[in-house]
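Biologist: Please take a close look at one part of this model, the part that carries a domain annotation, and then set it within its surroundings.

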Amino acid sequence: MSVVPALSGASGTAGVPGVSDAPAGLSGASGARGASGVPGASDGSGTSGEAGDMPAPLAARARLLPALAAVYRAQLSRARVARIPLLFVATFQSVGIMILMRGVVDGGSEARSVVAGSSVLVVAFVALNLLAQYFGQLRASGGLDHYATLPVPPAAVVLGAAAAYASFTVPGTAVTAVMGSALFQLPMAHLWILLAVIPLSGAALAGLGAALGLLAPRQELATLCGQLGMSAALLLGVLPAARMPQVVSYARDLLPSTYGVEALARAFDGQPDWWAICADLGVCAGVAVVSLAAATWAYRRAAVR
Amino acid sequence: MCTVRGLVKTYPAARGRRGAPATPAVRASDGIDLDVVRGEVFGLLGPNGAGKSTLVRQLTGLLRPDEGRVRVLGHDLVRHPERAARLLGYLGQDSTALDELTVSLAAETTARLRGLDTRAARAERDAVIEELGLGELAGRPLKKLSGGQRRLACVAAALVGERPLLVLDEPTTGMDPVARRAVWAAVDRRRAERGVTVLLVTHNVIEAETVLDRVAVLDRGRVIACDTPTGLKALVADEVRLELVWRAEPPLDVPEVADLRKAAEAARSADGVTGRRWTLRLPPEAARAAIATVTGGPAFAALDDFTLATPSLEDVYIALGGRAEGAEGLVKA
Ligand SMILES: Nc1ncnc2c1ncn2[C@@H]1O[C@H](COP(=O)(O)OP(=O)(O)O)[C@@H](O)[C@H]1O
Ligand SMILES: [Mg+2]
């Protein structure tokens, strides 16, 4: 018993108490190194002029495409780890909606827009909703600092993330479209149009999602905006347009996903109206450019506070 | 190398919302002057909330100062904050951007975004993973790692791609001693081999004494001292710190013990009487006499533990007038 104080006293006198990881004697050694190794360090004066005259060369910037590819690759791997369950949710949701709507719509053009709307809904879920959440969280936690202190063009970060989220929707959208076609006995001959619909509506919705996530003053608001956007895509995209009141159909015209839905719905025709499809996809592309530009601007604004 | 003059930053007051109380405005940088010399490991030491992160975020172009100048390697970073990314490597306190990547992809992607081509990025990735002993964790996502391991992976990302200046905000938080030494060695190697300058934020006194050439002590947004660790400790070299812990009521009827208690009660800030723990700062002879008293007679029977220590930077912090609760915020292990 009485040995305890004496023992701890002995260890105390050895120097710094309770230190297991400081190499012995280092505190003194580092001081000596500091004093001798850096001339004039201890007063800190007379050294400020040294740097002031000749600006040091700046390291190279990362170029747009390689940086975009690096962000894309990282985001896709990240999505694989964390988002696969959500992709299942999105797909099940869309398939479930189609099954429900089977009792409501009676084939023909309504069936086409239900299948098209449900397919594009998967894109909205991932690209709009999840991307808004991601950027909202990144901004709130200070994670944007990581990118802001790397010499990357803002567009590379935004486009890379948007592209990754959009490509991540491909399997779910394709599965939904195929199952819907089977369910409603629609021709699948022109389903290849998904190759244009997914990237274009994906880009438009991802840009919108990223902009919402980056502009929302708080993280919860970013999440809320993403959810609302997705609900809008659900209600305005899936429900047959002809049954909506006038005001709602204006809102429908404003939503970028609508044009992807229309293009896909037209492709279910036996003889699709290609001009109309091109026009719809053209609108999608236009909205994509605008929303991605807005997202890039929002990123710049969020990154340099 | 890195010059800061008259830096002022005030965070505006926030109105209270439901659930969140209103916060007053905080002057997180209160007229800071600093000169960091090329090739040194310069430290910012201070307790939580001292303004260390706010200061380095202004040095890295992330935060715009209200007043003052920041020059890094001859570039005015207040006017051209975007140049910071091409001059320095920064390790922030948050890892969200990398959390879902594997350790190896986090390092590689960061290297690519620092402008390296694929081959160079992979080579740097492998080198830094080897250097920091991350080999076994390389294939695991950061999110699945322990706090210290994740921090180490973030350090790896900060170190890839050569930069003449490294700004590391509490790089070793949560790390075990092995990881911590790996970081210190990596920092030292870059300084020794490439003349890299390092600005290192810490609230760990041992880290400060072990790796820093010079240290600025921060308190409430002000630099209260700036010198080598040895130089700073010389300020309080004439005193040692004696800590007594009693297991039972100390025998105050012994006059020497009563005197010790009086001395402890009169002590500055963080010292003093806390429950059954007395902390005193004494000249060496007085400390020796005190130990003779408490290790003999009735005092010894009541004594649980004692420690005698030479001055640390923590003592410097207190001697310079840092807050008592601030000194407790400085970590000693
Ligand atoms: N974004 C912010 N908004 C308002 N106050 C802040 C913000 N960031 C930090 N502060 C306040 O500024 C002070 C300094 O913070 P910080 O620089 O993070 O300290 P340290 O890094 O030394 O722990 C603290 O009082 C903190 O509460
Ligand atoms: Mg901090």
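**The annotated span of chain B and the nonpolar cores**

Modeller: In an unreviewed entry, UniProt places the feature "domain: ABC transporter" at residues 8–245 of chain B. In this predicted model, the end C-alpha atoms of residues 8–245 of chain B are 43 Å apart, and the span is 32% helix and 26% strand. Chain B as a whole has 12 helices and 14 strands, and its C-alpha atoms fill a box of roughly 75 × 45 × 45 Å along the principal axes. Of its 333 residues, 58% count as buried, and among contacts in chain B between residues at least 6 apart in sequence, 71% join residues at least 24 apart. The accessible surface of chain B comes to about 13200 Å², with 50% of that belonging to carbon and sulfur atoms.

Turning to the nonpolar interior, the largest core has 80 residues, and Leu113(B) is one of those that touch the most other members, a group that also includes Leu131(A), Phe135(A) and Leu264(A). Helix α5 (residues 108–141) of chain A gives the most to this core, with 18 residues. A second, separate core of 56 residues includes Leu132(B), Val196(B), Val215(B) and Leu232(B).

As for Leu264(A), once its neighbours within four places in sequence are left aside, this residue is in contact with Ala116(A), Ser119(A), Leu191(A), Ile193(A), Leu194(A) and Val197(A).

On the surface, Ile84(A), Phe88(A) and Phe92(A) make a nonpolar patch of about 340 Å². Ile84(A) lies in helix α4 (residues 64–102) of chain A and is partly exposed, with a relative accessible area of 35%.

Conventions:
Residues numbered from 1 in each chain as written. Chains lettered and ligands numbered in written order. Predicted model: local features only at pLDDT ≥ 70, side-chain atom pairs only at ≥ 80, totals over all residues. Heavy atoms only, no water. UniProt positions renumbered as here; feature names shortened; annotations may be inferred. Helix = DSSP H or I, 4+ residues; strand = E, 2+ residues; numbered from the N terminus. Core = buried A, V, L, I, M, F, W, Y, C linked by side-chain atoms within 4.5 Å. Buried < 20%, exposed > 50% of the residue type's maximum accessible area, 1.4 Å probe, protein only. Contact = heavy atoms within 4.5 Å. Patch = residues over 30% accessible without salt bridge, like charges linked within 9 Å, V, L, I, M, F, W, Y side chains within 5 Å. Areas by Shrake-Rupley, 256 points an atom, 1.4 Å probe, with all protein chains shown as cover. Salt bridge = Lys/Arg side-chain N within 4 Å of Asp/Glu carboxyl O.
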